[in-house]
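Subject: Handing over the structure

Hello,

As promised, here is the structure for you to look through. Please open it alongside this message, and take your time with it.

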Amino acid sequence: MEETEDKHILERLSDPQTLITILYLVAVAIGMIFNYAKYIIFGINIFDYCDLTDFILFPFSDINVLLLTLFVACICSIMFYVDLKLRDLFPKLFSSNRISKSRYKIISLFLSCFLFICFIFVVSEKYSANFYKKIATAENVTIYTRDGVFNGKYVGKTSDVLFLYDANELKIFPITSNINYYQIDKE
């Protein structure tokens, strides 16, 4: 019974729709972590300013998120292949009372998820620190509102707000009727 369930799960994982869905969910998670790390340096919890469409679009907000997602997919595929080979090479390990196949799968899943999350947090922290160091070279933005004209470095935006860095602080502008328009200044 367990062997047929394993084959059923493996067949479902080999289905392109399932793999693409899992890969996209991983990309959304990586995008969320990257955006959180990017804005937390400024003391901003980005999730307070996001809505559902922002979460869905996080993977496409930065090419680094897509590249990291593809890298993680390749590593996971290699780990899965190595795991299958280990099962073939050491079948007695699973037939003994030390560890069952179901326990091994649970341990392997939790260990892989833990390592994956740690890896993503380390990479996103390095990425955001690098972003913060390079903020001086970011594009200049001019925002025209009813209250005046504001200049600064473009940090990012969600569907509801625009983030601008000026005078060592992050300014948040709601994208509403308050902003007449904004332009990215070419140097």
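Below is what turned up, going from the whole chain down to single residues.

A word on the ground rules before the findings. This is a predicted model, in which local features need pLDDT of at least 70 and side-chain atom pairs count only at pLDDT 80 or more, while totals for chains, interfaces and linings use all residues. Residues are numbered from 1 along each chain as its sequence is written, and side-chain values use heavy atoms, with hydrogens and water left out.

**The chain as a whole**

The chain has six helices and five strands, where helices (H or I, at least four residues) and strands (E, at least two) are DSSP runs numbered from the N terminus. Reading from the N terminus, their order is α-α-α-α-α-α-β-β-β-β-β. Of the 187 residues, 27% are buried; buried means under 20% relative accessible area, exposed over 50%, and partly exposed in between, with a 1.4 Å probe and protein chains only. About 12700 Å² of the chain is exposed, and 65% of that comes from carbon and sulfur atoms. These areas come from the Shrake-Rupley method with a 1.4 Å probe, and for residues only the protein chains shown count as cover. Taking contacts (heavy atoms within 4.5 Å) between residues at least 6 apart in sequence, 56% join residues at least 24 apart.

**The nonpolar cores**

Which residues touch the most other members of the largest nonpolar core? They are Y39, F42, V155, F163 and L170, in a core of 14 residues. A nonpolar core here is a set of buried Ala, Val, Leu, Ile, Met, Phe, Trp, Tyr and Cys residues joined through side-chain atoms within 4.5 Å. Strand 3 gives the most to this core, namely three residues. There is also a second, separate core of seven residues, with I30, V65, V72 and I120 among them. Back in the largest core, V155 is worth a click: beyond its neighbours within four places in sequence, V155 is in contact with residues including K38, Y39, F42, F131, F163 and L170.

**Aromatic rings**

A pair of aromatic rings is described by the distance of the centres and the angle of the planes. The structure holds 12 such pairs, counting rings of Phe, Tyr and Trp (its six-membered ring) with centres within 6.5 Å; planes under 30 degrees apart are stacked, over 60 edge-to-face, and the rest tilted. In one of them, the ring centres of Y39 and F163 are 4.7 Å apart and the planes are at 50°, so this pair is tilted. Y39 sits in helix 2 (residues 16–40) and F163 in strand 3, so the pair links parts of the chain 124 residues apart. Both of these residues are buried, with F163 at 0% relative accessibility.

F163 also pairs with Y49, this time edge-to-face, at 5.7 Å centre to centre and 90° between the planes. Y49 lies in the loop between helix 2 and helix 3 (52–57), so this pair ties strand 3 to a part 114 residues away in sequence. Y49 is partly exposed, at 27% relative accessible area.

Elsewhere, ring pairs join Y36, F47, F55 and F58 into a cluster. You can also find K38 over the face of F131, 4.7 Å from the ring centre; a charge sits over a ring if NZ of Lys or CZ of Arg is within 6 Å of the ring centre and within 35 degrees of the ring normal.

**Charged residues**

How many salt bridges does a search of the whole structure find? It finds one, with a salt bridge taken as a side-chain nitrogen of Lys or Arg within 4 Å of a carboxyl oxygen of Asp or Glu. D166 forms it with K171, the closest N and O atoms being 3.4 Å apart. D166 is partly exposed at 27%, and K171 is partly exposed at 23%.

D54, in helix 3, is buried with a relative accessible area of 9%. Leaving aside neighbours within four places in sequence, D54 is in contact with Y49, T158 and S159.

**A loop to look at**

Finally, visit the loop between strand 3 (161–166) and strand 4 (169–174), where A167 lies. A167 has a positive phi of about 55° although it is not a glycine, and A167 is exposed at 63%. N168 is in this loop as well, with a positive phi of about 60° although it is not a glycine. N168 is exposed, at 69% relative accessible area.

Enjoy exploring!

Best wishes
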